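This report describes the overall fold, one pocket and the C-terminal helix of a single protein model.

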Amino acid sequence: MSNSSGVDEAQYMSKEERVIFAIFVIFPCVVCLFVNGLLLWTLLSKAILRETPRYCLLFNLLLSDTLHMSLSQMLYMLATSRTHLYFPVCALLTLITDVSNEVSPLTVVAMSLERYVAVCFPLHHATLLGGRRASVVAVLLWALCLLNLVVRVGLLMQFPFHTLDTLMMNDYCSSLVIRIAPLSTAYDQGYSAFLFVSSAVVILWSYVMVMMAARRCASEKSVKARNTLLLHLFQLVLSLSATIYLPLLVGLARLMALPRLTYVRIQNVLYVLLMTLPRALSVLIYGIKDQTMKSTMLAIIFCKKQ
């Protein structure tokens with residue numbers, strides 16, 4: 001009996017190690033959430049920021065990133081405390097987390113198209129994206145991701161839950177756990193690949209069109225838009241870095257016979273490198289680069305009148 005208990009304990013971190021890894025994971029996330037909160041407040045603080053299309057889309061990007069990091073952090077703390085959830089609760093949390101994760105790259109694509117329209121069709125920019133139309137675009141992005149959520153729930157329901165003795169999970173809750181239906185993994189991999197390729201194609205196409213417009217008129221606005229699109233491409237890579245998190249973990253589990261404890265340690269490190277830091281860099285770089293946001297944010301930090 002004691003030998004079995006020793007083997008079970010060897011599969012989990014000690015209390016000291018859990019505290020160290022918790023600090024390593026939670027501290028960067030708390031900093032990122034604070035910065036995101038500051039940027040969100042900055043975008044809401046001035047009418048020009050609330051009404052400009054690209055700032056509306058940036059707000060949507062920040063909102064989805066903040067929601068994703070908050071839910072991911074909650075799942076991490078539940079796993080660290082060895083709290084087991086009922087399967088429906090775990091499925092709901094992980095699916096909402098995945099939806100917020102999918103909204104981010106789509107928002108970056110929308111921001112790229114907005115810059116393309118602003119440079120190549122300046123006379124139609126106000127008509128296409130003026131007023132509250134940018135907010136409508138943001139809502140449509142969420143609706144599109146929710147449609148994908150419905151498909152995934154349909155695939156999940158193919159699993160014979162009625163054969164289980166209990167719906168209480170034996171392990172911690174994660175996105176890997178809900179990929180139990182035969183087609184779930186294949187569908188998620190195909191969707192992630194399609195999302196990455198289509199998003200990259202749209203941003204590259206927008207960049208080429210803006211670059212051609214910049215060569216024709218050589219205006220400062222065109223050059224700025226071209227640089228902004230390069231930044232969006234970088235943001236896309238950062239946003240989609242999260243999509244390789246789960247496939248990388250699955251690949252490690254299949255190709256390498258790692259002890260559970262080693263696997264958990266690698267999972268914690270990859271979580272910070274692929275899920276937390278890229279999202280923080282994505283929005284922070286954009287916020288620092290934009291002079292209007294930068295001046296407004298500094299005024300809020302130092303309590304100056306705007």
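## Fold and basis of the model

Helices (H or I, at least four residues) and strands (E, at least two) are DSSP runs, numbered from the N terminus. The protein has twelve helices and zero strands. The model is predicted: local features need pLDDT of at least 70 and side-chain atom pairs pLDDT 80 or more, while totals for chains, interfaces and linings use all residues. Residues are numbered from 1 along each chain as its sequence is written, and side-chain values use heavy atoms, without hydrogens and water.

## Second largest pocket

The second largest pocket encloses about 410 Å³. A pocket is an open set of points, on a 1 Å grid over the protein atoms alone, where a 1.4 Å probe fits, with protein on both sides within 12 Å along at least five of seven lines; lining residues have an atom within 4 Å of a point. The volume is the space filled by probe spheres set on the points, which are joined across faces, edges and corners.

Its lining comprises 18 residues, and Met169, Asn170, Asp171, Tyr172 and Val177 are the closest to the centre. Helix α11 (residues 260-289) gives the largest share of this lining, four residues.

## Burial and helix α12

Of the 306 residues of the protein, 45% are buried (under 20% relative accessible area, 1.4 Å probe, protein chains only). In helix α12 (residues 291-301), the buried residues are Met293, Thr296, Met297, Ala299 and Ile300. They line one face of the helix, because they fall within an arc of 160 degrees seen down its axis, taking directions from the axis to the C-beta atoms. Just after α12, Cys303 has a positive phi of about 55 degrees.

Technical notes
Buried < 20%, exposed > 50% of the residue type's maximum accessible area, 1.4 Å probe, protein only.
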